[in-house]
Amino acid sequence: MSRARLAKYSLWQFRDFAIDRGIAIMIIGLLWGYTLIAPMHAAMGAAFDVGPGSPAWPLVITITSSVVSLSVLIALNGIVSTDRKMGYYRFLFSKPVSAVAYYAQLFFVYMAGVLAAMLLLATALHAVVPTFKIVNFLAYAAIIYIAMGGIGFFLSVATRFDWLTLAAVWLGSRIVRDFSEGGSGWKSKAAELLPPVHKLNDVSMSMITSGTAHTGDVIWLLGYGALFFALGLLLLHRGSLAD
């Protein structure tokens, strides 16, 4: 495998991200941000002042954290499965480039693309809500990309319908964990194996507001995503891209 060739691929990978996914992320993020800010600004007028002590602050956290999750879902959609379904892998790997190295790089190139999009959206929001900390938001976005994106990467290697499966796993895990919380039976124990989405509310509020969160929660989220990312790479190494 040529490292120089792989590095050249990163430029094409980032360009493809910007065209195929980045524009959609920016449009959706701006629209969601507008629906958040415009009604509050119209209602509060000159008294418009949103900060951590404001009753509207939880809404800001909810909307911005949702934009991150949706952006990761868009970014990871078909990251591996599209090349397999459409047969693009035959062209991509006609030269001596490792599929494992290529898709590992692609994962992190897309991470850079998501963070760049989040930077632009956060900068726009900060101009209207000065108490919104851009660095804190980017740190949260990085955590969610690894946590959610690692699962999405694995599903894209293992299935043909990765985005739908990822949405079902992410939302379904939230529902199951909410219903099983506090239980002591085998169902509650089994629920502990699901993605730690029950940690998101506390992590998003703490991280975006103050830049810190419970260390155990962050490690649990990052570790789960990293584990499934590694499993996806292992599956790529041992399996075949051909359907």
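## Tyr145 and its neighbours

Start with tyrosine 145 in this predicted model. Setting aside residues up to four places away in sequence, Tyr145 touches Val72, Ala75, Leu76, Phe107, Tyr110, Met111, Val114 and Gly150.

Tyr145 also stands out in the largest nonpolar core, which has 70 residues. Together with Tyr103, Met118, Phe132 and Phe153, Tyr145 is among the residues that touch the most other members. Helices α1, α2 (57–76), α5 (99–128), α6 (134–158), α7 (162–180), α9 (200–210) and α10 (215–238) each give two or more residues to this core. The largest share comes from α5, with 15 residues. As a general point, nonpolar side chains in soluble globular proteins tend to be buried together.

## The chain as a whole

What is the chain built from? It has 10 helices and zero strands, so if you read the elements from the N terminus on, you just get α after α.

Of the 243 residues, 44% count as buried. The chain exposes about 12,500 Å², and carbon and sulfur atoms supply 68% of that area. As for contacts between residues at least 6 apart in sequence, 75% of them join residues at least 24 apart.

## A nonpolar patch on the surface

Not every nonpolar side chain is tucked away: Ile23, Ile27, Leu31 and Trp32 form a nonpolar patch on the surface. Together these four have about 390 Å² of accessible area.

Take Ile23, which lies in helix α1 (residues 3–44). Is Ile23 buried, partly exposed or exposed? Its relative accessible area is 47%, and because that value falls between the 20% and 50% cut-offs, Ile23 counts as partly exposed.

## Thr209 in helix α9

Over in helix α9 you'll find threonine 209. Thr209 has a relative accessibility of 26%, so it counts as partly exposed, given that buried means under 20%.

Which residues does Thr209 contact, leaving aside neighbours within four places in sequence? They are Pro52, Trp57, Ile61, Asn136 and Ser204. Closer to home in the sequence, the Thr209 side chain reaches the backbone oxygen of methionine 205 at 2.6 Å.

There's a long-range pairing to look at as well: Thr209 and Thr131 are 78 residues apart along the chain, and their C-alpha atoms are separated by 8.7 Å.

Definitions and conventions. Residues numbered from 1 in each chain as written. Predicted model: local features only at pLDDT ≥ 70, side-chain atom pairs only at ≥ 80, totals over all residues. Heavy atoms only, no water. Patch = residues over 30% accessible without salt bridge, like charges linked within 9 Å, V, L, I, M, F, W, Y side chains within 5 Å. Areas by Shrake-Rupley, 256 points an atom, 1.4 Å probe, with all protein chains shown as cover. Helix = DSSP H or I, 4+ residues; strand = E, 2+ residues; numbered from the N terminus. Buried < 20%, exposed > 50% of the residue type's maximum accessible area, 1.4 Å probe, protein only. Core = buried A, V, L, I, M, F, W, Y, C linked by side-chain atoms within 4.5 Å. Contact = heavy atoms within 4.5 Å. Polar contact = N/O pair within 3.5 Å; in protein donor to acceptor, adjacent residues only side chain to side chain.
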